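Ready for some practice at reading side-chain contacts? Open the structure below and try each exercise before you look at its solution.

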Amino acid sequence: YIGGVFDVESLVEKLLQQLASKQTILVNVYDTTNRSHPISMYGSNVSADGLQHVSTLNFGDPFRKHEMHCRFKQKPPWPWLAITTSIGILVIAYLVGYIFHATVNRIAKVEDDYNKMMELKKKAEAADVAKSQFLATVSHEIRTPMNGVLGMLHMLMDTDLDVTQQDYVRTAQGSGKALVSLINEVLDQAKIESGRLELDAVQFDLRAILDDVLSLFSGKSQEKGVELAVYISDRVPEMLIGDPGRFRQIITNLMGNSMKFTEKGHIFVTVHLVEEVIGSTEVETSSENTLSGFPVTDRCSSWKGFKAFSQEGSTFPLSPPSDSINLIVSVEDTGVGIPPEAQSRVFTPFMQVGPSISRIHGGTGIGLSISKCLVGLMNGEIGFVSIPKTGSTFTFTAVFTNGCSNPNEYKSHKINNQSNSASTEFQGMTALVVDPRPVRAKVSRYHIQRLGISVEVVSDLNQGWSNISSGNGAIDIVLVEQEVWDRDSHLSSLFINNFKKIDRRTPPKLFILANFISTSRTSATTSGDNTPSIIMKPLRSSMLAASLQRAMGVGSKGNARNRELPALRNLLLGRKILIIDDNNVNLKVAAGALKKYGAEVECADSGKKAVSLLKPPHCFDACFMDIQMPEMDGFEATKLIREMEKHGETSVEAYDNVSNWHVPILAMTADVIQATHEECLKCGMDGYVSKPFEAEQLYREVSRFFQSVPNGNL
């Protein structure tokens, strides 16, 4: 055994410090034999005020019990890591729960919103269908009696009427057509809102369409004394492919507005290619270089914002396809103009410039809105510039396809058009135009050259007489602007006297180009044989040709429509046509229109009768079928007829070897909704005629089937 002296307390403290790192551990040893009065054997007597560890000690004495109590000298630090970790876990758990709860609520809300949207979608679709059905019904109910009214008036015009009665009938026809036009505008607006408006792609003559529009407004312009003119660039092809009806609608809307708000001056329509106008500096804004002498707006401002004229975002490529024709059309007037505060709502549907406009000039305020939508469908843009008390200029662009595949075809179309619109006797003639205004002279030159006549232009009568008397070239026609003729009556008389002295077998014919004829002018022009003939503006190819033919004694002097009547009669003579309509007035109108051309017409008033009459074999060449009829409508009747034609048995020998029966059936209804048109073709109909119709409209439809077919069933 080795004995020694140890400081147990110091030794234990050092040992415990090594175990507890920086903390000081206090150790107390107690004899706990008597649990109620323990005896301290080691350590201080400071009472424990915190956590302590108690362990049992065994010193080998079975009768004595000992315990060791260990504790830190300082209070234990806060377990911040554990606390923050716990708080973080709690926050994360709360956020996850909140996100889950919000997600569930959001999904439920989205599902609820989706169900509501689907319900609203169904209601909107049902409302759209109901609106379309309502428009179709209203259109049918209005057009059906209007068809009777206009049809009977048209037939009344073919009877013997005095001048007053004819005026009454024309007035009634004009009012009826105005009502039909209003209905069409409302229907077009409805089609635009529903996205159902579509464009056709057919070949048409742009110049002929503008001539027709000029004819429509010629009476009003002459009544007002407003000069009306159209100029189309020579670079614009004669034939285009597009929708002529919608193009005519845009031009008619713009010219109609100009005619409403213009009391003096002019309305001038110009048509060019876009590439002609880009970079052009030729703008007629001075009063000396306008159509009527009145100041006009700067037309360049009307297309200032067009993408077609900017390098970025151009609608039209810099190098367009060879068959793409990009037109720019301007309608310039010298009317009252549009106030600046009203210009922002010009294209808003059903909006008028001011509350008094609709009372003074009438209108619904949707014409420009429809025009803007139609221009958009033609891949174009529309804009305007307007100055109060000066006038307005509306300009739009439109993309068409060249109707002539090559330049030679374009030239042949141009020659054919000239030969159709005027007699060939004009070819090789020379005309002299006396007009001091370059723009107006350019318009006159354009229309005269369409007849194949060469044109020279001078600014006054003295220059005109110098050209005539010089003998350098034979002048066949002299056209003097009324402004020049009325300016100096002495000079005009001298000009006529000089005319009498011309030593030629056929002296030139003298004409006055006039917007209106005053009483004094009328009396002056009817006295004497050498007085000039009057050609009323606006100039149009057919009207100009007729005036020249009448004065010069060349070509046909008859009415163009009267010349067509024998052709129509030969086409329909002996044809047997069945007309089905539940309205007796419509039956009379359609029957009268076809009988006038020699057709044999049979009428029936129900779809069941149509099925019975058209059961093969039969002797009808065509059938006009109303759609909305009681008991059996036109769709159902047509389907049954097509089934009978497909499965019916026919004696080939008895009916000129006609074994494949297919009678042309054309829908004849006042319903002009696009869906109805599609349904007509779907059920087996061959064509579509909307009410109110005229004899020529019926003829155009029937001629598609009769053009090259001999008499007998098709």
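**Exercise 1. A charged pair**

Which residue forms a salt bridge with Glu483, and how far apart are the closest N and O atoms?

Solution. Keep in mind that this is a predicted model.

- Step 1: The partner is Arg437, and the closest N and O atoms are 3.5 Å apart. That fits the cut-off, since a salt bridge needs a side-chain nitrogen of Lys or Arg within 4 Å of a carboxyl oxygen of Asp or Glu.
- Step 2: Now place the two residues. Glu483 lies in helix α12 (residues 482-487), while Arg437 lies in the loop between β12 (430-434) and α10, so the pair ties together parts that are 46 residues apart in sequence.
- Step 3: Check how exposed each one is. Glu483 has a relative accessible area of 29%, which makes it partly exposed. Arg437 counts as buried, at 15% relative accessibility.
- Step 4: Look around the pair. Glu483 and Arg437 belong to a network of salt bridges that also links Glu227, Asp435, Arg440, Glu481, Arg487 and Lys537.

**Exercise 2. Buried or exposed?**

Find the salt bridge between Asp211 and Arg450. Is Asp211 buried or exposed, and is Arg450 buried or exposed?

Solution. Start with the distance, then move on to the surroundings.

- Step 1: In this bridge the closest N and O atoms are 3.1 Å apart.
- Step 2: Asp211 sits in helix α4 (residues 206-224) and Arg450 in the loop between α10 (438-449) and β13 (454-458), so the bridge ties together parts 239 residues apart in sequence.
- Step 3: Buried means under 20% relative accessible area. Asp211 has 9%, so Asp211 is buried. Arg450 has 8% relative accessibility, so Arg450 counts as buried too.
- Step 4: For another case, try Lys609 and Asp605, whose side chains meet in a salt bridge at 3.1 Å, N to O. Here Lys609 is partly exposed at 43%, and Asp605 is partly exposed with 37%.

In total, the structure holds 23 salt bridges.

**Exercise 3. Rings meeting rings**

The structure holds nine aromatic pairs. What is the angle between the ring planes of Phe204 and Phe400, and how is the pair described?

Solution. You need a distance and an angle.

- Step 1: The ring centres are 5.6 Å apart and the planes are at 75°, so the pair is edge-to-face.
- Step 2: Phe204 belongs to strand β5 (residues 202-205) and Phe400 to strand β11 (residues 391-402), so this pair ties together parts 196 residues apart in sequence.
- Step 3: Both Phe204 and Phe400 are buried.
- Step 4: Go one pair further: Trp485 and Phe495 have ring centres 6.3 Å apart and planes at 90°, so they are edge-to-face as well. Trp485 is in helix α12 and Phe495 in helix α13 (residues 489-500).
- Step 5: Finally, zoom out from Phe204 and Phe400: together with Phe247 and Phe396 they form one aromatic cluster.

**Exercise 4. Into the core**

How many residues does the largest nonpolar core have, and which have the most contacts inside it?

Solution. Count, then pick one residue to explore.

- Step 1: The core has 52 residues, and those with the most contacts inside it are Leu206, Phe247, Met255, Leu327 and Phe396.
- Step 2: Take Leu327. Leaving out residues up to four places away in sequence, Leu327 touches several residues, including Leu206, Val236, Leu240, Phe396 and Phe400.
- Step 3: There is also a second, separate core of 22 residues, which includes Met625, Met629, Met632 and Ala637.

Note on methods:
Residues are numbered from 1 along each chain as its sequence is written. This is a predicted model: local features need pLDDT of at least 70, side-chain atom pairs count only at pLDDT 80 or more; totals for chains, interfaces and linings use all residues. Side-chain values use heavy atoms; hydrogens and water are left out. A nonpolar core is a set of buried Ala, Val, Leu, Ile, Met, Phe, Trp, Tyr and Cys residues joined through side-chain atoms within 4.5 Å. Buried means under 20% relative accessible area, exposed over 50%, partly exposed in between (1.4 Å probe, protein chains only). Contact means heavy atoms within 4.5 Å. Helices (H or I, at least four residues) and strands (E, at least two) are DSSP runs, numbered from the N terminus. Rings of Phe, Tyr and Trp (its six-membered ring) pair if their centres lie within 6.5 Å; planes under 30 degrees apart count as stacked, over 60 as edge-to-face and the rest as tilted.
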